[in-house]
Structures are given as C-alpha cells and as structure tokens.
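Work through the exercises below with the sequence and the model open. Each task is followed by a solution in steps.

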Amino acid sequence: MNKKFLAIGFFAFTFILLSIVPLSGQETHPGPGQRNLRQNLFTLRALRMTQVLELTEQQTAAIFPELNRAEKDKAELQKQLAAEIRNLRQLIKEGQARDEEFESRVGRVRELRHKIQERDQAFENFLFSQLTSIQKARYIIFSLEFNRAIMERAQHLRQAGQKIK
C-alpha cells in the first residue's frame with residue numbers, strides 16, 4: 001500500500017511540475033492552470049507531511065484548518081506581489097518613471113515579500129505548538145527535502161524544455 005501511494009504521489013508530482021514550468025521561457029501570467037497547480041502542490045505537500053510526520057487524527061484536525069488559512073493568505077499576498085512585479089516591469093520598460101515611483105514600488109514588493117515570510121513563520125510557530133519533538137525534527141527535514149525536490153524537478157523540466165526548442 002505504501003509503495004502504491006508513493007507511486008501515485010510521484011506521478012501526481014510529475015504532472016504538477018509539468019503544468020507549472022513554462023517551456024518557452026516567456027513571462028507567464030497566472031491563470032486557472034497555475035491556480036490548480038498551486039492547489040495540487042498544496043495537496044501533495046499536505047499528504048506527504050501527514051505521512052512523514054505521522055500525524056494523529058487530533059493533530060490533523062487542528063493543523064489542517066490553519067494550514068488552509070495560511071495557504072489562502074499566502075496565495076492572496078503572492079497575487080498582490082505578482083501584480084506589483086508586473087507594474088515594476090512595466091515602469092522599467094517604459095523608462096518614464098521618477099525615482100520616487102521606483103522607490104515606492106520596490107518598497108511595496110519588499111513589504112509583500114516580508115508579509116509572506118511572516119505568514120510562513122506564523123504557521124510554523126502554530127505547527128510546532130501542535131507537534132512532538134520528533135515530529136518537529138521530521139518537519140524541518142521534510143520541508144527542506146520537499147522544497148529541494150520541487151526546485152530540482154522544476155529545473156530539470158526547464159532544461160528539458162530548452163533542449164526541445
């Protein structure tokens with residue numbers, strides 16, 4: 001059963017990565033596919049986290065509502081961040097903006113990035129209040145390995161896409 005679940009998870013993970021990596025190297029705008037991708041990655045991460053940490057039903061019932069809130073908050077902040085970055089790119093492209101406008105936009109980008117980090121930290125603080133010591137250790141390792149694997153898969157898919165051109 002465990003091997004079957006891992007195989008399904010691997011294929012789901014591969015499908016998710018294929019849908020997020022633009023093969024053309026062009027700038028993309030978030031659309032319904034990227035929202036689905038975000039949801040799929042969130043689901044995969046939650047499932048793997050549940051397995052790796054060996055969460056109890058009580059822990060799951062306490063953690064998952066907060067995990068969902070954190071994800072929704074971060075998605076909204078990242079949507080705002082993407083809009084600010086698009087605006088910043090447009091200002092640079094037009095070449096007509098004053099220094100004050102650049103400073104204002106850069107400040108807003110930095111503020112949004114800081115808010116995303118704060119939200120991550122708030123969730124992790126909550127999570128750690130729900131976990132045992134060994135689960136905390138497992139979470140740190142899980143989080144690092146999961147994020148590394150995502151980045152490696154995305155890089156591999158980008159490289160494969162560049163070879164196709």
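**Exercise 1. State what share of the protein's residues is buried, and describe its surface and fold.**

Step 1. The protein has 165 residues, and 26% of them count as buried, where buried means under 20% relative accessible area, exposed means over 50%, and partly exposed lies in between (1.4 Å probe, protein chains only). This is a predicted model, in which local features need pLDDT of at least 70 and side-chain atom pairs count only at pLDDT 80 or more, while totals for chains, interfaces and linings use all residues. Residues are numbered from 1 along each chain as its sequence is written, and side-chain values use heavy atoms, with hydrogens and water left out.

Step 2. About 11,500 Å² of the protein is exposed, and carbon and sulfur atoms supply 56% of that area. Accessible areas come from the Shrake-Rupley method with a 1.4 Å probe; for residues, only the protein chains shown count as cover.

Step 3. The protein contains 5 helices and 0 strands, giving the pattern α-α-α-α-α along the sequence. Helices (H or I, at least four residues) and strands (E, at least two) are DSSP runs, numbered from the N terminus.

Step 4. Among contacts with a separation of 6 or more, 75% come from residues 24 or more positions apart. Contact means heavy atoms within 4.5 Å.

**Exercise 2. Find the residues that touch the most other members of the largest nonpolar core, and the helices that supply the core.**

Step 1. A nonpolar core is a set of buried Ala, Val, Leu, Ile, Met, Phe, Trp, Tyr and Cys residues joined through side-chain atoms within 4.5 Å. The largest one has 18 residues, of which M49, I63, L131 and Y139 touch the most other members.

Step 2. At least two residues of this core come from each of α2, α3, α4 and α5. Helix α2 gives the most, with 7 residues.

Step 3. Apart from neighbours within four places in sequence, M49 is in contact with E54, I63, L67, Y139 and F142.

Step 4. A second, separate core has 5 residues, including L77, L81, L112 and I116. In soluble globular proteins, nonpolar side chains tend to be buried together.

**Exercise 3. For the salt bridges E71 to R38, E54 to R138 and K115 to E111, give the closest N and O distance, the location and the accessibility of the partners.**

Step 1. A salt bridge is a side-chain nitrogen of Lys or Arg within 4 Å of a carboxyl oxygen of Asp or Glu. The structure holds 12 of them.

Step 2. In the pair E71 and R38, the closest N and O atoms are 3.1 Å apart. E71 sits in helix α3 (residues 57-94) and R38 in helix α2 (residues 32-53), so this pair links distant parts of the chain, 33 residues apart. E71 is buried at 19% relative accessible area, whereas R38 is partly exposed at 27%.

Step 3. For E54 and R138 the distance is 3.5 Å between the closest N and O atoms. Because E54 lies in the loop between α2 and α3 and R138 in helix α5 (residues 133-164), the pair ties together parts that are 84 residues apart in sequence. E54 is exposed, with 53% relative accessible area; R138 is partly exposed at 27%.

Step 4. K115 and E111 have their closest N and O atoms 3.3 Å apart. Both are in helix α4 (residues 99-130), and because they are 4 residues apart, about one helical turn separates them. K115 is partly exposed at 33%, and E111 is partly exposed at 37%.

Step 5. E66, R69, D73 and R119 are joined into one network by salt bridges that share partners.
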